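Here is a set of questions about how some structural labels are earned. Each answer sets a value against its cut-off.

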Amino acid sequence: MEPEGTAVTFEEISAAAFRIRDGIYKTPCDRSHMSVLTGMEIFFKKEFQQFTGSFKERGSRNTFKLLSKEQREKGVIAASAGNHALSLAYHGRDLEVPVTVIMPQTAPLMKVTLCRHYGANVIQHGRDFGEAKDYAMSMGEEKGLVYVNGYDDISILAGQGTMGLEIIEQVPDLDAIVIPVGGGGLLAGTALAVKTLMPHVQVISVESDKCPSWKAAMDAGRPVATPVGPTLADGLAVPTVGYNAFKTAGKLVDKHIVISEDKIALAILRLVEMEKAVVEGAGATALAALLGGDLDELKGKKVVVPLCGGNIDTTVLGRCLERGMAADGRLCKFVVRVDDRPNGVAELTRIIGSLGVSIKDIFHERAWVRSDIFCVDIKCVVETRDFEHSKQLRKQLEEAYPCSVEWKSHHRYWSSPGQAE
């Protein structure tokens, strides 16, 4: 029989705010440079500035403060893809509580390394978070350790809800708050805090289409297992949302959005370029919904967006920026068939250069050209200013090489008129 879940109370959130005040940074909630870009007055709650880089510290510290003396001596165990593990490791060391974390094999290397740096006993097990969680709960029961659910323990939900109290204090006249959702802990605590004090504020949740577990729960009326795919928002990749989290937030969410990976990549790029902020995929997911045009009804309103995590591997960041540029129409890929004689390729590069387009990569392919023996396929990756600039390049190439241009941009595939798809 499935548990019904227990909702966290506003009193528990208020008590948590007092309890954790000595070890949690009150992060700023600043007006964004993207306000002009979106037509909304956007405020970023910068939770990535917490010591370990995410909002998870709030719930972890609250949980440690509620442990009995015996529980503190034995220690705790948890499963986490990274941020929950980091916060437990750091605050466990600060409060002298032994911490064991089970991380899936797919956990970002930087987060694994930092957990060990903070003194946690790190064990990597399982292909995804679900397998890591099962292993952690089994080990906890065997060794008598308290299992800390990073998104569903009442103490966790109460701790995360303290962010909502801060937001109301910092932006007292907000109209809406857009929150990324994985397991549902941040959404549940924050939604309850905000709706209790300001019932008119619209609460909107956002998740990746690679793991739409909150949407599945809303459709079914209860948490259900959801397939998990590889995602830039690894911190949101929770197969089944929390029962307590869903019980708390199920009726408080006014709208839910499921977005594509391209939009998340573009949001990460915009944050780096316009806010000078490095934010992980999960932390940028709420912003992605605003930039992607999914919430145009919020134009002209004050909107708070939590940037809830900043722990992203350097290699993943590079890939995200490139994918974001592709989604923005600034990184384009095409194949053009040119004359394989002197000046054939030179003429192609002249056209590209005359438009101020930068060639990032170029490759000649002769063996698989099945038409004219004196032709060569030139594969190019180029950087343009924007989507309009890339359209200008495509037009010039199609005029110079009729029926010989294959174009790929923003994960869509076009062919020149007259060329087989």
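Q: Which residues is Thr285 in contact with, leaving aside its neighbours within four places in sequence?
A: Pro180, Val206, Glu207, Ala233, Leu236, Ile259 and Ile264. Contact means heavy atoms within 4.5 Å. This is a predicted model: local features need pLDDT of at least 70, side-chain atom pairs count only at pLDDT 80 or more, and totals for chains, interfaces and linings use all residues. Residues are numbered from 1 along each chain as its sequence is written, and side-chain values use heavy atoms, with hydrogens and water left out.

Q: Why is Thr285 called buried?
A: Its relative accessible area is 0%. Buried means under 20%, exposed over 50%, partly exposed in between (1.4 Å probe, protein chains only). Thr285 therefore counts as buried. Its place is in helix H13 (residues 281-291). Helices (H or I, at least four residues) and strands (E, at least two) are DSSP runs, numbered from the N terminus.

Q: Why is Cys380 in no disulfide?
A: A disulfide is a pair of cysteine sulfur atoms within 2.5 Å. The closest cysteine sulfur to that of Cys380 is in Cys332, 11 Å away, so it is too far for a bond. Cys380 is also buried, at 1% relative accessibility.

Q: How many disulfides does a search of the whole structure find?
A: Zero. For Cys29, the nearest cysteine sulfur is that of Cys308, at 13 Å. Cys29 has a relative accessible area of 10% and is buried.

Q: What makes S5 and S6 edge strands?
A: Each pairs on one side only. Two strands pair if DSSP finds at least two bridges between them. The open sheet has four strands in the order S5-S4-S3-S6, with parallel pairing. Strand S5 spans 121-124 and strand S6 spans 146-147.

Q: How do you know that S3 and S6 pair?
A: Two bridges join strand S3 (residues 76-79) to S6. That meets the required two, so they pair. Val76 stands opposite Val146 in S6.

Q: What lines the largest pocket?
A: There are 33 lining residues; Pro230, Thr231, Leu232, Val316 and Arg319 lie nearest the centre. Helix H14 (314-327) and strand S13 (375-383) are the elements that give two or more residues. H14 gives the largest share, seven residues. On a 1 Å grid over the protein atoms alone, a pocket is an open set of points where a 1.4 Å probe fits, with protein on both sides within 12 Å along at least five of seven lines; lining residues have an atom within 4 Å of a point.
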